[in-house]
Each structure stands twice: as structure tokens, then as C-alpha cells.
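Please open the model in your viewer and keep the sequence panel beside it, since the stops below are given as selections. The tour begins with a pair of elements and then widens to the whole chain.

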Amino acid sequence: TGPRCAESSVITHKNLKINLEMEQVELSGQTIELTTKEYALLIFFLKNTNRIIRREEIMAALWQGISVEANNVDTHTSNLRKKLHPHSDCIKTVKG
């Protein structure tokens, strides 16, 4: 199942709660600190649950008009996974 909006400014997904107005993320009741890109990446993933997203699509959405290397997406995704651990298994990588 996809994320649920309890209110227009709050997204909940499993043990994750995101306050969009305050840009605050809680995991199992604990606030976690994310960088601006990690936060944007998390929101992007939540808006695109249950579908495969190509790196190019992520780069176009998060780095609009700025040329970046694909490993930037990999690095931010890896950092986000570490911060969401042990619930990071919801972010899957599909090879090829």
C-alpha cells in the first residue's frame, strides 16, 4: 500500500511520519535529520511507491537543469537508507 496523508501536511507510511510544513521526519517516533536532498529524495520515493524509477528520472526531478553524475543519486540513496535503518528495506534497487 502507498503512503497515507493523515492531513494535507502530514504523510505517514508504516513507521514513517513526515510533516511537510515543518519538513520534519520521524521514524518510529524518533526525529531523524535529513539533508535537503535526502528529504527531497524521500518525498519523491513516497510519491512514486510501487514502481521502478530510473536514475535519470530522479536526477531530472531533484536536480532540475543541473548536470550531475548518476553516482550522486546512489550516494544520497545510500545515505537515506542508513538513516532509515532498519526500515530501509522499503527502498529497493533494481539492477539493469
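In this predicted model, begin by selecting helix H2 (residues 55-62) together with helix H3 (residues 70-84), whose axes come within 9 Å and cross at roughly 85 degrees. An angle from 65 to 115 degrees counts as roughly perpendicular, and H2 and H3 are therefore roughly perpendicular to each other.

Next, show the side chains where the two helices touch: on the H2 side these are Arg55, Ile58 and Met59, and they meet Ala70, Val73 and Asp74 of H3. Sorted by class, this contact of H2 with H3 comprises 4 nonpolar and 2 charged residues, with no polar ones.

Now select the whole protein and colour by secondary structure, which brings up 3 helices and 5 strands, arranged along the sequence in the pattern β-β-β-β-β-α-α-α. The radius of gyration is 13 Å, close to the 12 Å that the globule rule gives for 96 residues, so the protein is as compact as a globular protein of that length. If you align the view to the principal axes, the C-alpha atoms fill a box of roughly 35 × 25 × 20 Å.

Switching to a colouring by accessibility, you will find that 34% of the 96 residues count as buried. Among contacts with a separation of 6 or more, 37% are between residues 24 or more positions apart.

Finally, colour by pLDDT, which averages 86 over the protein, with 91% of the residues scoring at least 70. Where is confidence lowest, and where is it highest? Select strand S1 (residues 4-7) for the lowest, at a mean of 54, and strand S5 (residues 30-32) for the highest, at 95.

Technical notes. Residues are numbered from 1 along each chain as its sequence is written. This is a predicted model: local features need pLDDT of at least 70, side-chain atom pairs count only at pLDDT 80 or more; totals for chains, interfaces and linings use all residues. Side-chain values use heavy atoms; hydrogens and water are left out. pLDDT is the predictor's confidence in each residue, from 0 to 100. Helices (H or I, at least four residues) and strands (E, at least two) are DSSP runs, numbered from the N terminus. Axes are lines fitted to C-alpha atoms, for helices over the stretch in contact, and angles run from 0 to 180 degrees between N-to-C directions. Angles under 35 degrees count as roughly parallel, over 145 as roughly antiparallel, 65 to 115 as roughly perpendicular and the rest as oblique. Contact means heavy atoms within 4.5 Å. Ala, Val, Leu, Ile, Met, Phe, Trp, Tyr, Cys and Pro count as nonpolar, Asp, Glu, Lys and Arg as charged, and the others, Gly among them, as polar. The radius of gyration is taken over C-alpha atoms; the globule rule is 2.2 Å times the number of residues to the power 0.38. Buried means under 20% relative accessible area, exposed over 50%, partly exposed in between (1.4 Å probe, protein chains only).
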